[in-house]
Amino acid sequence: MSFQIEKIHHVAYRCKDAKETVEWYKKNLNMDFILAFAEDHVPSTKAFDPYMHVFLDAGNGNVLAFFEVPNQPEMGFDPNTPNWVQHLALKVKDRNELMAAKEQLERAGIDVIGVTNHGIFHSIYFFDPNGHRLELTYDDPTSEDKVSMITEAIKHDMLDEWSRTKRAPAHTQFLHSDEFAEARDIAPVGE
């Protein structure tokens with residue numbers, strides 16, 4: 001291959017209202033509004049489609065962007081994809097930061113799911129005012145040891161088995177064993 005990706009420059013989503021989105025991300029996730037531009041024509045296609053494009057600072061050079069495109073049909077989501085699948089995960093420093101964020105979001109009236117234990121990281125989930133699912137997460141202190149257990153051979157075996165069977169391979173079930181054990185204690189399987 002003749003090139004190498006350096007990093008994600010920005011990730012862009014559609015929003016219902018650019019101003020509301022900028023204000024929500026500042027208030028709830030402390031993201032600064034760093035740039036905006038707007039045109040009546042799309043630079044890449046030259047099509048007439050007025051838009052506002054806003055950019056938010058997601059920390060460490062990461063940029064989250066949104067487009068408001070008022071002349072397009074109302075924003076929707078793929079009805080065949082569960083709403084937990086497509087999401088943006090943002091990292092926080094540690095459990096204390098995650099719990100502070102959870103408390104702040106809940107005080108703002110935002111429904112929060114979790115803390116969910118993924119074995120190598122712990123997460124909370126919620127939706128922005130546009131219906132995009134967000135995840136805040138921090139790495140588990142044992143994550144490096146657990147990730148090192150997933151060797152090159154294991155990850156390729158898992159991918160091959162999944163490709164053949166479309167069933168979850170058992171190789172990494174240890175990652176969610178604590179989360180599922182807690183769930184079984186609360187509501188045993190079948191109830």
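Biologist: Why are β3 and β4 said to pair, and in which sense do they run?
Modeller: Two strands pair if DSSP finds at least two bridges between them; β3 and β4 share 6 bridges, in the antiparallel sense, so they satisfy that definition. One position to look at is F55, whose bridge partner in β4 is A65. The strands themselves are DSSP runs of E of at least two residues, while helices are runs of H or I of at least four, and both are numbered from the N terminus.

Biologist: How far can I trust such details, and how are the residues numbered?
Modeller: This is a predicted model, in which local features need pLDDT of at least 70 and side-chain atom pairs count only at pLDDT 80 or more, whereas totals for chains, interfaces and linings use all residues. Residues are numbered from 1 along each chain as its sequence is written, and side-chain values use heavy atoms, with hydrogens and water left out.

Biologist: What makes β1 and β2 the edge strands of their sheet?
Modeller: The open sheet has 4 strands in the order β1-β4-β3-β2, with mixed pairing. The strands β1 (11-14) and β2 each pair on one side only, and from one strand to the next the twist averages 20 degrees. Helix α1 packs on this sheet, where α1 touches β2, β3 and β4, and the direction of α1 makes about 10 degrees with that of β3. Such angles run from 0 to 180 degrees between N-to-C directions, the axes being lines fitted to C-alpha atoms, for helices over the stretch in contact. Contact here means heavy atoms within 4.5 Å.

Biologist: Which strands make up the other open sheet, and what is known of its edges?
Modeller: There, 4 strands follow the order β5-β8-β7-β6, again with mixed pairing. Its edge strands are β5 (87-91) and β6 (113-117), each of which pairs on one side only, and the twist averages 25 degrees between one strand and the next. β5 runs parallel to β8 (residues 133-139), with 5 bridges joining the two, and A89 stands opposite E135 in β8. β6 and β7, by contrast, run antiparallel and are joined by 3 bridges, with I113 having Y125 of β7 as its bridge partner. In their hairpin, which has 3 residues between the strands, G119 takes a positive phi near 80 degrees. Helix α1 (residues 18-29) also lies across β5, β7 and β8, at about 30 degrees to β8.

Biologist: Why is H122 called buried or exposed?
Modeller: Buried means under 20% relative accessible area, exposed over 50%, and partly exposed in between, for a 1.4 Å probe and protein chains only. H122 has 8% relative accessibility, and therefore counts as buried. H122 is placed in strand β7 (residues 121-127), and among the residues that H122 touches, beyond those up to four places away in sequence, are L98, V115, L136 and Y138.

Biologist: How do you know that the side chain of H122 makes a polar contact with D140?
Modeller: A polar contact is a pair of N or O atoms within 3.5 Å; within protein, one must be able to donate a hydrogen and the other to accept it, and residues adjacent in sequence count only if both atoms are side-chain atoms. The side chains of H122 and D140 make such a contact at 2.5 Å, which is within the cut-off.

Biologist: What makes D57 partly exposed, and which residues is D57 in contact with?
Modeller: The relative accessible area of D57 is 31%, and therefore D57 is partly exposed. D57 lies in strand β3, and is in contact with M31, D32, I34 and N62 once neighbours within four places in sequence are left aside. A polar atom of the D57 side chain is also 2.7 Å from the backbone nitrogen of G59.

Biologist: What makes the phi of K46 and of N60 worth a note?
Modeller: Most residues other than glycine have a negative phi. K46 is not a glycine, yet has a positive phi of about 70 degrees, and the phi of N60 is near 55 degrees, also positive in a residue other than glycine. K46 lies in the loop between β2 (33-41) and β3 (48-57), and counts as exposed because its relative accessibility is 59%. N60 is found in the loop between β3 and β4 (63-68), and is likewise exposed, with a relative accessible area of 81%.
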